[in-house]
Each structure stands twice: as structure tokens, then as C-alpha cells.
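Here is a set of short exercises to work through with the model open in your viewer. Try each task before reading its solution.

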Amino acid sequence: LTRPVLPGSLLIIIPAFNEEGAIASVIGEVHEFVPGAPVLVIDDSSTDETRERARAAGADVLPVPHHLGLGGCVQAGYKLAWELGYAYVIRVDGDGQHDPRDIPRVFQRLKNSGCEMVIGSRFVTDNGSRTGKVRSLGIRFFRLVLRPILGKPVHDPTSGFVGVNRNALNVFRASFPLDYPEIEALVVLQRRRFRFEEVPVRMRPRTTGRSSITALKSLYYVVHVLLGVFVNVLKFERRLHRAPRAGDQTPGEGG
Amino acid sequence: MDRLLNVTTVLSVILIIIVLASVRRAHIRVEYSVSWLLAAVAMLVLSRAKPLLDTVRNLTGLPDSPLTLFLLGAGVFLLMFFRFSVIISHLRDDNVALAQRVAILEYHIQSLKNHEKQEA
């Protein structure tokens with residue numbers, strides 16, 4: 001079913017779960033600021049009218065049969081983008097926190113730099129983006145942990161505003177972390193000697209609904225992601241020291 | 001001590017009966033019943049063969065037989081729970097991949113239908 005690659009083509013994917021309040025305006029803004037780019041909403045079995053409103057707003061919808069979580073949804077989008085032959089994919093969240101005006105900047109950097117992943121970062125420059133105290137502490141912690149692993153600083157490792165090219169798509173369609181994918185995905189790419197860059201983006205306050213992150217979930221998040229990071233590091237260190245074999249398959253990371 | 005061994009025997013027999021009945025009614029697949037049956041039979045044998053339990057106790061250096069029986073049982077069931085965690089993890093991965101495939105195939109089918117409508 002895989003179609004030929006369309007050079008320079010871009011697909012915007014929006015994973016969404018119960019985002020009926022914001023999804024239509026997000027899609028409208030994407031159409032406004034990235035005219036001509038198709039939008040694919042991956043509906044994670046929402047119980048509200050997310051799917052209908054996304055279709056009405058002019059997006060394609062990929063409805064998954066049951067709730068998969070963020071990683072499973074994003075990976076489904078990557079798989080479909082690969083099969084449809086897209087050269088680049090940019091993911092934005094469906095709650096309206098990511099500003100679609102920044103998509104062209106992420107896309108330009110993806111095309112011009114040749115790196116496999118571009119992260120829309122709130123903290124590359126001081127653009128007034130603010131996060132909660134707990135989240136801010138977590139981001140600082142992961143910056144410290146990731147610095148030696150990635151070999152370069154990453155300002156916003158938990159950002160979901162991410163663009164990838166076809167090389168990264170090829171990796172992620174085979175293997176993508178199911179829970180809390182952002183940080184682990186970064187490590188997976190880096191261990192394959194893929195490159196990433198950050199571009200400054202604006203982050204807006206959530207317009208509808210509320211965050212489900214609690215103190216206990218934050219602690220679970222830190223432990224879960226740390227474990228995933230170190231498992232990937234250890235796995236790839238072993239692989240790097242092993243003589244390459246013909247037909248060696250790379251997928252299988254993430255959790 | 002004897003009472004504890006008798007209770008273990010009874011529990012092991014009950015577990016064997018439950019597992020066999022579940023297999024017969026297809027509530028549990030045969031491959032997943034084997035480990036439960038082996039664990040139940042092992043507990044049954046240990047509770048009925050006191051010299052064997054004493055040998056195990058001497059080998060492990062534990063102070064008494066009930067503790068030995070308890071630790072062996074706990075160890076066996078911990079291993080089984082771990083095995084089931086591995087199985088569940090594989091099933092979840094397979095389930096996610098399958099759900100994604102279904103969604104993508106439905107998307108392709110819908111696209112083909114839309115294309116046919118436009119051509120018609």
C-alpha cells in the first residue's frame with residue numbers, strides 16, 4: 001500500500017482525545033498558516049464529538065478502534081504518513097497550546113538543515129512561555145540527564161511540537177514509545193546518529209479542558225521515562241559494540 | 001507444622017481442580033494452564049513428602065520447614081507473575097500494532113470509496 005515519496009510534501013498530524021472544544025479552531029489555524037498542507041487528526045477513541053468536528057473543519061480523520069494512548073496514536077499517524085509517501089510530518093497537539101503560526105518555521109528548518117527531527121522549543125529563547133513549577137522542575141531534571149546522553153543540550157525535551165523527516169518516520173513506524181514518547185524518541189534517534197535541532201515556538205495556555213497531570217503522575221512519569229531512556233542507552237551501547245551483521249534490523253526500541 | 005502441610009495439600013488440590021475445570025471450559029488456554037498446574041503439583045509434592053522438604057530446608061539453610069515451604073511457594077508464584085507480565089507486554093504491543101493496522105486499512109478503504117464516488 002506504500003505510495004511513492006512526494007518530495008517536499010508535508011503532513012500535519014494532530015493526536016486528539018476528547019478535544020471537541022479546541023480541535024476545530026486548531027485545524028482552522030493550521031489551514032490558515034500552512035495553506036495547502038493536509039491535516040490528519042488521529043482520534044484516540046474520543047467519547048465526545050472530536051471526530052465529527054475535525055471532519056467538519058476539513059481534516060482527514062484516522063479513528064483508532066480503541067484507546068491507544070498518545071504514543072500509539074502518534075505512531076499510527078507516522079505509519080500512515082509513511083504509506084502515503086509524505087516526506088515530512090509535523091505533530092501539533094489538539095488542545096490549542098501549540099501555535100500553528102510556528103509550523104512554517106519548524107518546516108523550513110526541517111527542510112534546510114537536513115536533520116531528522118526539529119523540536120519546537122519554548123525555551124531556546126525567552127519568549128515568555130511559562131510552565132507550572134512541577135513541570136519546570138521535571139524539564140530541568142531531564143535536561144541534565146539528557147545532556148551527556150545526547151552530546152548536546154536540549155532546551156525543551158518534553159515538547160510535543162515536533163517535526164520529522166522520512167528517515168525518522170522509517171524508524172518510528174517500526175518502533176515508537178507508547179507512553180510519554182517525547183524524551184525516549186529523542187534518545188532513540190540520537191543513538192542512531194540522527195540529528196535534531198530546536199527552533200523557538202510560542203506555547204499558549206490551554207483553552208479548553210484541563211491537564212490530567214497530578215503530582216503522583218509526575219513522579220510516575222519521571223521514573224517511567226528515566227527507565228525508558230536508560231534501557232535504550234544500554235541496548236544501543238551493546239549494539240554499537242557488536243559487529244554489524246547482514247540484514248540487521250533496527251526496530252524494537254521503546255516501550 | 002502438620003496442619004500447615006495439610007492446608008497446603010488441600011489448597012494445592014483445589015488449585016489443580018480449578019485449573020483443570022477452567023481448561024475444560026476453555027476459560028484458560030492450555031499453554032497458560034501448564035505453569036499453574038506445575039506450581040500446584042510442586043506444592044502438593046512438597047507438602048506430602050516431608051523428607052524432600054527437609055532436604056530443601058537443609059540445602060537452603062533455612063531455620064524451619066514451614067518457612068521453606070512458604071518461601072518456595074512465594075518464589076514460584078513470583079516467577080509466574082513475572083512470566084505473565086512478559087506475556088501481557090507482548091499482547092499489548094501486538095494489540096496496539098493490530099489496532100493501528102485496522103485504523104490504517106479502514107482509512108485506505110474509505111479513501112478508495114471516496115475516490116470511486118468522485119469518479120462516478
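**Exercise 1. Classify the exposure of Y180(A), then describe its backbone and its ring contact.**

Step 1. This is a predicted model, and the values below are computed from it. The relative accessible area of Y180(A) is 28%. Buried would need under 20% and exposed over 50%, so Y180(A) is partly exposed.

Step 2. Now place the residue: Y180(A) sits in the loop between helix 6 (166-174) and helix 7 (181-191) of chain A.

Step 3. Look at the backbone. Most residues other than glycine have a negative phi. Phi of Y180(A), however, is positive, near 45°.

Step 4. Turn to the ring. The centres of the Y180(A) and Y220(A) rings are 6.2 Å apart with planes at 70°, so this pair is edge-to-face. Y220(A) belongs to helix 8 (residues 215-240) of chain A, while Y180(A) is in the loop, so the pair ties together parts 40 residues apart in sequence.

Step 5. Widen the view: ring pairs join Y180(A) and Y220(A) with F141(A), F142(A) and Y221(A) in a cluster.

**Exercise 2. Find where R193(A) lies, and decide whether R193(A) is buried or exposed.**

Step 1. R193(A) is found in the loop between helix 7 and strand 7 (196-200) of chain A.

Step 2. Its relative accessible area is 62%. The cut-off for exposed is over 50%, so R193(A) counts as exposed.

Step 3. Check phi as well: for R193(A) the angle is near 70°, a positive value in a residue other than glycine.

**Exercise 3. Work out the strand order of the sheet and name the edge strands.**

Step 1. Start with the inventory: chain A has eight helices and seven strands.

Step 2. Trace the neighbours across the sheet. The seven strands form an open sheet in the order 3-2-1-4-6-5-7, with mixed pairing.

Step 3. Read off the ends. Strand 3 and strand 7 of chain A are the edge strands, each pairing on one side only.

Step 4. Add the twist: neighbouring strands of this sheet are turned by 25° against each other on average, direction ignored.

Step 5. See what covers the sheet. Helix 3 (residues 69-84) of chain A packs on it, touching strands that include strand 1 (6-16) and strand 4 (86-91). The direction of helix 3 makes about 155° with that of strand 1.

**Exercise 4. In which sense do strand 2 and strand 3 of chain A pair, and over how many bridges?**

Step 1. Strands of a sheet can pair either parallel or antiparallel. Strand 2 (residues 39-43) and strand 3 (residues 60-63) of chain A pair in the parallel sense over four bridges.

Step 2. Locate the partners. L40(A) has D60(A) in strand 3 as its bridge partner, and D43(A) stands opposite P63(A).

Step 3. Follow the connection: strand 2, helix 2 (residues 50-56) and strand 3 of chain A make a right-handed β-α-β unit.

**Exercise 5. Which kind of aromatic pair do Y78(A) and F176(A) form?**

Step 1. Across all chains the count is 11 aromatic pairs.

Step 2. For Y78(A) and F176(A), the geometry is 5.5 Å centre to centre and 90° between the planes, which makes the pair edge-to-face.

Step 3. Y78(A) is in helix 3 of chain A and F176(A) in the loop between helix 6 and helix 7, so this pair links parts of the chain 98 residues apart.

Step 4. Test the exposure of both. Y78(A) has 2% relative accessibility, so Y78(A) counts as buried. F176(A), at 8%, is buried too.

**Exercise 6. How many disulfides does the structure have, and are C73(A) and C115(A) buried or exposed?**

Step 1. Searching the whole structure gives zero disulfides over all chains.

Step 2. C73(A) is buried at 1% relative accessibility, and C115(A) is buried with a relative accessible area of 0%.

Step 3. For the wider setting, buried residues make up 52% of the 255 residues in chain A.

How values were computed: Residues are numbered from 1 along each chain as its sequence is written. Chains are lettered from A and ligands numbered from 1 in the order in which they are written. This is a predicted model: local features need pLDDT of at least 70, side-chain atom pairs count only at pLDDT 80 or more; totals for chains, interfaces and linings use all residues. Side-chain values use heavy atoms; hydrogens and water are left out. Helices (H or I, at least four residues) and strands (E, at least two) are DSSP runs, numbered from the N terminus. Buried means under 20% relative accessible area, exposed over 50%, partly exposed in between (1.4 Å probe, protein chains only). Two strands pair if DSSP finds at least two bridges between them. A crossover is right-handed if, with the strands pointing away from the viewer, the path from the first strand over the helix to the second runs clockwise. Axes are lines fitted to C-alpha atoms, for helices over the stretch in contact, and angles run from 0 to 180 degrees between N-to-C directions. Contact means heavy atoms within 4.5 Å. A disulfide is a pair of cysteine sulfur atoms within 2.5 Å. Rings of Phe, Tyr and Trp (its six-membered ring) pair if their centres lie within 6.5 Å; planes under 30 degrees apart count as stacked, over 60 as edge-to-face and the rest as tilted.
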